[in-house]
Amino acid sequence: MALISSITSREILDSRANPTIETSILLDSGVAVSSSVPSGAAIGKYEVIELRDNNKDRYMGLGVTKAVAYINKVIGPGLVGVDPSRQVEIDEWLAKVDGTDQMERFGGNTILSISQGLARAAAYSLQMSLYQYINSLYAQLGSQVSITRVPAPIFNVINGGKHGAGNLDFQEFHIIPASSKPYPASLQMGVELYHRVRKVLIDKNAIHSVGDEGGYAPNLYTNLDAFEIIMQAVRNTPYQFGEDVFIGLDVASDHFYKKDHYKIRDKQQAMRTDDFIAYLVDLNNQYHLLMLEDPLYGDDWNGWKKLTTQLGEDVIIVGDDLIATNLERLKKAHQEQACTGVLVKPNQAGTLTETLKVIQFAQKNNFKVTVSHRSGETVDDFIADLAVGVQCDYVKFGAPARGERVTKYNRLLSIAADLTHEETSSTSHS
Ligand code: PGA
Ligand code: ZN
């Protein structure tokens, strides 16, 4: 196996015009790879810490030169001569050298840029596709899964909350093609509906702009109006709602939870947990959601338990801010039956190994797993391979528009083609 010759890093920009980290790994065989890391807006307080310079004179304090210096001067030199396929060991070493619970010293962003890069370098070296290599790492951790399909995509077509320039409180309104459809057909459906949503918004004079994840960010009277727009868009196609296509919602309620109350534009009065749960149950009666993410505040455990008791049989109740891709929080959610699905974001966990461990626990305990991007992204498509490598249930990469989102959907197209090819050649050989 080729060994690491150098690890170097630099400050680049993400899709929201904020600095982020790009790290390059060179092996002594001449293999050279890079990896870059995303950044959230709705950052959960339980995720690993992003190291930022906090120097107000540069990029409003968001520069990452300290992180880059750690890689170039401390961590990188420490890994020269090491075999990059020792992923688990190196990831554990990185977490140990950092030495803090939430990677405050080096930053989860710093560490993840190396961790992802190691996997990519090792995969290249072994002449494996990245998804196959991740699948083999997952097997090393004790989870043998065979790769048969591309996970079902969730398209975020209307952006509100912290991501939208419009006036909606809820963060993401999703279109979800039936998971029985092959990926290329789902992608086509997502794209056609995305364009239809735009048309409906234009006809209603509500088009405003696009949000951080490429979905439209309209001004509407209520949050529920966004569902009406989507329903209208579906009616303008041959697709059947509830059969070919479903809807989902990321409430991201931490954003409008203040002083024990949930305040949204649909209701004059701020609501206590029980009233907000009743509102969400009502909403589900009307729109039959497939998935409901972060319906309640991330520390409102009792509320989560109540909601999951009421809706968990019909709707996938997804913890994003609740779990923050943190194994301990996922274990707690399992014990308390607080949700039935988990969002997985590698940059909340800090290393690939830790991310795989979270997915492993979730899969063993029957949580539905969605591998997800962040609102601030780069053109790195690592998470597409991760999703396939562990055979998760869903992927959430934003709207099927904007380069940093599309590159991930396109990577899945290429993997889907690989898988079809393998299937055809294995049947023709037998
Ligand atoms: P974030 O949003 O990347 O801003 O955290 C994504 C999400 O909440 O799912
Ligand atoms: Zn979310």
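Leu 413 sits in helix α13, which spans residues 403–429, and in this predicted model its relative accessibility of 31% makes it partly exposed, because that value falls between the buried and exposed ranges. From there you can look across the fold to Ile 277: the two C-alpha atoms are 38 Å apart, with their positions 136 residues apart along the chain.

Helix α9 offers a second partly exposed residue to visit. Lys 331 is part of this helix, and its relative accessibility of 35% puts it in the partly exposed class. Its C-alpha atom is 8.0 Å from that of Phe 361, which is 30 residues away in sequence. Follow the chain out of α9 and you come to Gln 337, in the loop that leads to β11 (341–344). Here the surface opens up: Gln 337 has 59% relative accessibility and therefore counts as exposed. Between the C-alpha atoms of Gln 337 and Asn 109 there are 31 Å in space, and the two residues are 228 apart in sequence.

Now step to the other end of α9, to the loop that joins β10 to this helix. Thr 325 is placed in that loop, and its relative accessible area is 2%, so it is buried. Its side chain has a partner in the backbone: a polar side-chain atom of Thr 325 lies 3.0 Å from the backbone nitrogen of Lys 345.

The loop between β10 (316–319) and α9 (327–336) also holds Asp 320, and this residue takes us to the metal site. Which residues coordinate the zinc ion (ligand 2)? Asp 250 and Asp 320 each contribute through OD, and Glu 293 through OE, at 2.0 to 2.2 Å. Read along the sequence, these donors follow the spacing D-x42-E-x26-D. The pair Asp 250 and Asp 320 ties together distant parts of the chain, since Asp 250 belongs to strand β6 (residues 245–250) and lies 70 residues from Asp 320. Are these two aspartates buried or exposed? Both Asp 250 and Asp 320 are buried.

Asp 320 also leads to the other ligand. An N or O atom in its side chain is 3.0 Å from an oxygen atom of ligand 1. Two further polar contacts can be picked out here. A backbone N or O atom of Ala 41 is 2.7 Å from an oxygen atom of ligand 1, and a polar atom in the side chain of Arg 374 is likewise 2.7 Å from an oxygen atom of the ligand. How much of ligand 1 does the protein bury? Alone, the ligand would expose 280 Å², and the protein buries 100% of it.

Widen the view to the whole shell of ligand 1. There are 15 residues around it, and those that come nearest are Ala 41, His 163, Arg 374, Ser 375 and Lys 396. By character, the shell has eight charged residues, four polar ones and three nonpolar ones. Why does ligand 1 lie between domain 1 and domain 2? Residues from domain 1 (4–127) and from domain 2 (152–429) both take part in the shell, so the ligand lies between them.

Helix α12 is worth a stop as well. Running over residues 382–390, it is mostly covered, with nine of its nine residues buried. The buried residues include Phe 382, Asp 385 and Val 390. Right after α12 comes Gln 391, with a positive phi near 55°.

Positive phi values turn up at other places in the chain too. Met 103, which is not a glycine, has a phi near 55°. You will find Met 103 in the loop between α2 (87–98) and α3 (108–125), where its 6% relative accessibility means that it counts as buried. His 288 is another non-glycine residue with a positive phi, about 45°, and it is found in the loop from α7 (273–287) to β9 (291–293).

The last stop is Ser 143, in the loop between α4 (130–140) and β4 (152–159). Its relative accessibility is 10%, under the 20% limit, so Ser 143 counts as buried. In space, the C-alpha atom of Ser 143 is 9.9 Å from that of Ile 359, although 216 residues separate the two along the chain.

Methods:
Residues are numbered from 1 along each chain as its sequence is written. Chains are lettered from A and ligands numbered from 1 in the order in which they are written. This is a predicted model: local features need pLDDT of at least 70, side-chain atom pairs count only at pLDDT 80 or more; totals for chains, interfaces and linings use all residues. Side-chain values use heavy atoms; hydrogens and water are left out. Donors are N, O and S atoms within 2.8 Å of the metal (3.2 Å for Na, K and Ca); water is not among the atoms, so sites may look incomplete. Helices (H or I, at least four residues) and strands (E, at least two) are DSSP runs, numbered from the N terminus. Buried means under 20% relative accessible area, exposed over 50%, partly exposed in between (1.4 Å probe, protein chains only). A residue is near a molecule or strand if one of its heavy atoms lies within 4 Å of it. A polar contact is a pair of N or O atoms within 3.5 Å; within protein, one must be able to donate a hydrogen and the other to accept it, and residues adjacent in sequence count only if both atoms are side-chain atoms. Accessible areas come from the Shrake-Rupley method with a 1.4 Å probe; for residues, only the protein chains shown count as cover. Ala, Val, Leu, Ile, Met, Phe, Trp, Tyr, Cys and Pro count as nonpolar, Asp, Glu, Lys and Arg as charged, and the others, Gly among them, as polar. Domain bounds come from an automatic or database domain assignment.
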